Structure formats: C-alpha cells, structure tokens
Amino acid sequence: MIKVAPSILSADYVNLQKDIEKVDKGGAEVLHIDIMDGQFVPALSYGPGWVKAIRPITDMTLDVHMMVTSPERFVDQFADAGADIIGVHVEATPHIHRALQMIKNKGVKAEVVINPGTPVSAIQPVLYMVDQVLVMTVNPGFGGQKFLPETVKKIAELNEIKKSEGLDFDIEIDGGVNEHTVVGAYQAGATVAVAGSYVFDADDPVSRIKAIKDATK
Ligand code: DX5
Ligand code: ZN
C-alpha cells in the first residue's frame with residue numbers, strides 16, 4: 001500500500017490547522033509542503049515560517065518540496081523550521097551534490113527531484129546519497145494538472161537501479177495523482193503519492209486518502 005502525502009497547496013489556508021488535522025487523522029503519513037519562488041516556477045507560495053507554524057500541530061512527516069532556484073540559499077532555514085525531508089530539483093542548481101550534502105549535514109532526509117523532461121541519468125551520480133527521489137508527474141508550478149503517463153517508465157527505471165545497486169530510497173510521485181493514475185505508478189515502484197486537489201477539493205478528503213490506499217493494496 002502506498003503512503004499518501006496530501007499537498008497543502010490545495011488546502012484552505014484560512015482553516016489550515018483543521019485541514020491538516022483532518023488528513024492526519026484520516027491516515028495520511030506525510031504532509032507535502034510546496035515552496036515556490038516565482039522564478040524556478042511562475043507562482044509564489046510560502047516560506048520557512050509556514051513549516052515552523054505547522055511543525056507543532058502534527059507528527060506527520062513534513063516533506064518540503066523546494067521549487068526554488070539555487071535552493072542551497074534556503075536549506076538551513078527549512079531544516080531549522082522543522083522539515084523532516086527536503087527536496088531539491090536537479091534542474092535548479094549546478095551544485096546538486098552540494099545541496100544534498102547541506103540537507104544531510106542538518107540531519108534532515110535528502111530528496112532529489114526531477115521534472116518530466118529530465119532523464120533519470122541526470123541524478124544517477126547522487127542516488128547513493130538520497131533518502132527519497134521525487135519523480136514529477138506534471139510540470140511543477142500549479143495544482144490541479146493532468147498526470148503525465150510517460151513519467152511512469154522513469155519510476156520503473158529508478159526501481160531497477162534501486163534493486164540492482166541495493167539502494168534504499170523512497171520513490172515519490174507528485175502531480176495529477178488520483179485513485180486511477182496512482183495504480184501504474186505504484187506497480188512501477190512508487191512508494192509515496194502526493195495528492196493536492198484530489199484530496200483537498202473533495203467534500204470528504206479522508207475518503208480520497210482511502211481511495212488512493214485501496215487502489216494500491
Ligand atoms: C505542483 C506541486 C504539487 C501540487 C500537486 O507543482 O509540486 O505538489 O500540489 O497538486 P495536484 O495533486 O492537484 O496535481
Ligand atoms: Zn510538490
């Protein structure tokens with residue numbers, strides 16, 4: 001069964017605590033927090049202050065997805081704010097190895113992220129040092145986009161490398177995830193599914209978490 005990571009990008013910001021408590025009690029293991037800088041992606045979202053505010057209200061794993069150019073600039077701030085996992089895009093820095101080292105040096109789990117247009121080979125040299133790989137299943141920047149099925153073969157490729165090299169990272173998917181799109185990704189080796197609009201735009205977010213889990217039993 002896949003782990004579910006609701007993305008607060010689609011939550012009700014005015015009632016954020018209520019929404020977080022709902023998905024926490026509803027069986028989600030991870031809370032996905034999307035950081036957008038208006039440069040790496042067009043939109044702006046929120047910063048370390050949000051992670052710091054959320055930290056005391058939940059024990060869920062806080063998964064910080066940095067859609068930020070030169071993420072090295074902010075790694076320490078997100079670690080100090082209470083992130084459990086920090087994800088950096090390989091496309092966002094010429095120094096991906098250094099960025100991942102910085103995350104690990106803070107005692108936080110390190111994640112490398114690839115866009116739909118980026119091949120697995122671009123991250124092969126750093127796979128030995130990561131706790132999680134995030135395979136974007138849409139182009140990053142907005143919630144509510146359609147899942148790109150062509151990304152699934154990259155999940156399978158990563159899963160092969162994981163087995164053949166005896167590595168131990170989680171494979172996360174992000175974008176357009178619902179009870180249908182999650183199935184192929186899970187079969188290919190995904191272990192964590194981010195879901196934003198599918199969970200929070202529903203009248204009953206808990207039933208959506210359950211639907212994703214039931215589809216991957
Ligand atoms: C997109 C973000 C996602 C987003 C997913 O750039 O990284 O985490 O919240 O939203 P849905 O699940 O609606 O595609
Ligand atoms: Zn995300």
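How many C-beta neighbours does aspartate 80 have inside 10 Å, and does that count leave the residue buried, exposed or partly exposed? The count is 13, so aspartate 80 is classed as partly exposed. This is a predicted model. Aspartate 80 belongs to helix H3. Its C-alpha atom lies 8.2 Å from that of lysine 52, a residue 28 positions away along the chain.

## The sheet

Eight strands build an open sheet with parallel pairing. Their order is S1-S8-S7-S6-S5-S4-S3-S2. Strand S1 (3-6) and strand S2 (30-36) are the edge strands, and each of these pairs on one side only. From one strand to the next, the twist averages 25 degrees.

The table gives parallel pairings within this sheet.

| Strand pair | Bridges | Residues opposite each other |
|---|---|---|
| S3 and S4 | four bridges | aspartate 63 and isoleucine 85 |
| S4 and S5 | five bridges | glycine 87 and glutamate 111 |
| S5 and S6 | four bridges | valine 113 and leucine 134 |
| S6 and S7 | five bridges | valine 133 and isoleucine 171 |
| S7 and S8 | three bridges | aspartate 174 and valine 194 |

## Strand S4 and its crossovers

Strand S4 covers residues 85-89. Five of its five residues are buried, so S4 is largely enclosed by the rest of the structure. Ile85, Gly87 and His89 point one way. Ile86 and Val88 point the other way, and these are buried too.

Strand S3 (residues 61-67) pairs with S4 in the parallel sense. In that pairing, aspartate 63 has isoleucine 85 as its bridge partner. From S3 the chain passes through helix H3 (residues 75-81) to reach S4, in a right-handed β-α-β crossover. Aspartate 80, the residue of the opening question, sits in this helix.

S4 also pairs with S5, again in the parallel sense. Here glycine 87 faces glutamate 111. Helix H4 (residues 96-105) carries the chain from S4 to S5, and this β-α-β crossover is right-handed.

## Strand S7 and its neighbours

Strand S7 spans residues 170-174 and is mostly covered, with five of its five residues buried. Which residues lie on each side of S7? Asp170, Glu172 and Asp174 occupy one side, and Ile171 and Ile173 the other. Both faces are covered.

S7 pairs with strand S6 (residues 132-136). Strand S8 (residues 192-195) is also joined to S7 and runs parallel. Two β-α-β units include S7. One is made by S6, helix H5 (residues 152-164) and S7, and it is right-handed. The other is made by S7, helix H6 (residues 181-188) and S8, and it is right-handed.

Aspartate 170 is part of S7. Why does this aspartate count as buried? It has 20 other C-beta atoms within 10 Å, and 20 or more is the cut-off for a buried residue. Leaving aside residues up to four places away in sequence, aspartate 170 touches Asp131, Gln132, Thr191 and Val192. Valine 133 is 37 residues from aspartate 170 in sequence, yet their C-alpha atoms are 6.3 Å apart. Valine 133 itself stands opposite isoleucine 171.

## Helix H5

H5 has 13 residues. From first C-alpha to last, the helix reaches 19 Å, close to the 18 Å expected at 1.5 Å a residue. Its buried residues include Val152, Lys154, Ile155 and Leu158. Viewed down the helix axis, the buried residues of H5 fall within an arc of 155 degrees, so they line one face. The general geometry is familiar: an α-helix has 3.6 residues a turn, so residues three or four places apart point the same way.

What covers the buried residues of H5? The cover includes S6, S7 and H6. S6 and S7 are also the strands that H5 joins in its β-α-β unit. On the other side of H5, Lys153, Lys163 and Ser164 are exposed. Just after the helix, glycine 166 adopts a positive phi of about 60 degrees.

Note on methods. Residues numbered from 1 in each chain as written. Chains lettered and ligands numbered in written order. Predicted model: local features only at pLDDT ≥ 70, side-chain atom pairs only at ≥ 80, totals over all residues. Buried ≥ 20, exposed ≤ 12 C-beta atoms within 10 Å, placed from the backbone. Pairing = 2+ DSSP bridges. Right-handed = clockwise from strand over helix to strand, strands pointing away. Contact = placed C-beta atoms within 7 Å. Expected span 1.5 Å × (residues − 1). Arc of directions from axis to C-beta. Axes fitted to C-alpha atoms, helices over the stretch in contact; angles between N-to-C directions.
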